[in-house]
Amino acid sequence: MIVCPRCSKENQDHYKFCLGCGSELPREPAGSRVNSPQTPPSQALTAAQSAALQNDTPAAIPEKSLEFARTHQTEAERAGRPAPAAPAPLGSAAGAAVAIAPVAPPTYPTTPRGQDSASNLGNAAAGSGFGNSGPALSVGAGPNSCPACGNPVPVDFKFCGTCGHRMPGAQPAAHAAPASAPAAASKPGRGTLIVINPDGTEGGSFQLSDGTTSVGRNHGGLFAADAYLSPLHATFTFQGANFHVKDEGSLNGVYVKLKRDVPVKLNDGDIFRIGQELIRFEALAGPQFVNGVEPMGSPNPGYVGRLSLVIGRESYGNGYPVPPDGIHLGRERGDVIFPEDGYVSGLHCRVHYDGASCVLTDVGSSNGTFVRVRGSRNLVNGDLLLMGQQLFRLQF
């Protein structure tokens, strides 16, 4: 074997140019080598490559590189120039700084306008992205030196990419381990959250212990794969005969489904959801006077509030004034329609003034009207809650 003085790669005796870097190899004086049977180039393997073959690492045996060198050797000799360098085998360290593992394509759940994925808006550090995404990029730390050829080798490589020598103590790249879910509450269950599937059937369930139970993307079980849940999303608390849910500052909120034809008071800043639409209610104050004179502007015929479409975090779209006799919302009929939202019923809900405050009423929609919890809210047995992309029924 001839060792290249430039890159320290071992080459066959009959090579005139280095297979690793293409530089001209030194020629030994005649008679300096012991006569021995010559191994055909196509069958020649170094000891390191033989060991690699036994360990099922075919990428360490550059058969295509040998063929490349033999093909271009003669042409280089005629032209009087060094032969072109053979391409590095797959999996080698030549020109590679990172090892990329295959990544499964993420699944993107349907989200209403204005609702954002927690993994995209500040919660990625505490969660796992879109649930079932594949392994992340593996980036090696400082490279080691190959004991055989001295070239740098990433710490997670088992073989030298230049000479194929097996690296001592090679360790696979360390991937960030997913946060382990806390152990389930050991207290006896007093209530249950039951998942309602899209077809109306019941799915999995989650036990709520006596006292306070926290739920969120970092609490495993039914919540681990839902990227629209915050790491700590909400807490459920039993206090005597009362039970309430508290939104723990989650990004996408906790919503409670309204009962049909039962009006619910809307306070200034309340957000409700119909289909895939998020709508914010703003209460309008009465006429304002400065020194007994009303400032110039469009006359107010008596509007009691305004509805604004939520299109992002602290971003709002079209606004619709609410007259005292109210307005209807729907997909086909009403004062405000959403013709492209198939989850909105033909006539979905109504917002009107009942003499004391503005109220929201579901008028018989198929998919329901949901009001976002602000702070905490008392719940009753059988209430339906929307958290992330899942619908739950409370049973206790």
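The largest nonpolar core of this predicted model holds 21 residues, and Phe272, Ile274, Ile279, Leu307, Leu329, Val351 and Leu360 touch the most other members. A nonpolar core here is a set of buried Ala, Val, Leu, Ile, Met, Phe, Trp, Tyr and Cys residues joined through side-chain atoms within 4.5 Å, where buried means under 20% relative accessible area with a 1.4 Å probe and protein chains only. In soluble globular proteins, nonpolar side chains tend to be buried together. At least two residues of this core come from each of S14, S15 (277-283), S16 (305-312), S18 (327-330), S20 (349-353) and S21 (358-362). These strands are DSSP runs of E, at least two residues long, numbered from the N terminus. Apart from this core lies another, of 20 residues, including Val195, Phe223, Leu229 and Met387.

A word on the ground rules: residues are numbered from 1 along each chain as its sequence is written, and side-chain values use heavy atoms, with hydrogens and water left out. Because the model is predicted, local features need pLDDT of at least 70 and side-chain atom pairs count only at pLDDT 80 or more, while totals for chains, interfaces and linings use all residues.

Let us look at one core member. Beyond its neighbours within four places in sequence, Ile274 is in contact (heavy atoms within 4.5 Å) with Ile279, Leu329, Phe338, Asp341, Val344, His348, Cys349, Gly368 and Thr369.

Thr369 belongs to strand S22 (residues 369-372), which is covered on both faces: Thr369 and Val371 are buried on one side, Phe370 and Arg372 on the other. The table lists pairings of strands, which count as paired if DSSP finds at least two bridges between them.

| Strands | Bridges and direction | A bridged pair |
|---|---|---|
| S12 (254-257) and S22 | 3 bridges, antiparallel | Lys257 and Phe370 |
| S14 (271-274) and S22 | 3 bridges, antiparallel | Phe272 and Val371 |
| S9 and S10 (234-239) | 4 bridges, antiparallel | Thr213 and Phe236 |

The last pair is part of an open sheet of 4 strands, ordered S9-S10-S11-S23 with antiparallel pairing. Its edge strands, S9 (212-215) and S23 (376-378), each pair on one side only.

Finally, the largest pocket has a volume of about 730 Å³. Of its 22 lining residues, Pro198, Tyr343, Asn367, Leu386 and Leu391 lie nearest its centre. On a 1 Å grid over the protein atoms alone, a pocket is an open set of points where a 1.4 Å probe fits, with protein on both sides within 12 Å along at least five of seven lines; lining residues have an atom within 4 Å of a point. The volume is the space filled by probe spheres set on the points, which are joined across faces, edges and corners. S7 (189-196), S14, S24 (384-387) and S25 (390-395) each give two or more residues to the lining.

Notes. Buried means under 20% relative accessible area, exposed over 50%, partly exposed in between (1.4 Å probe, protein chains only).
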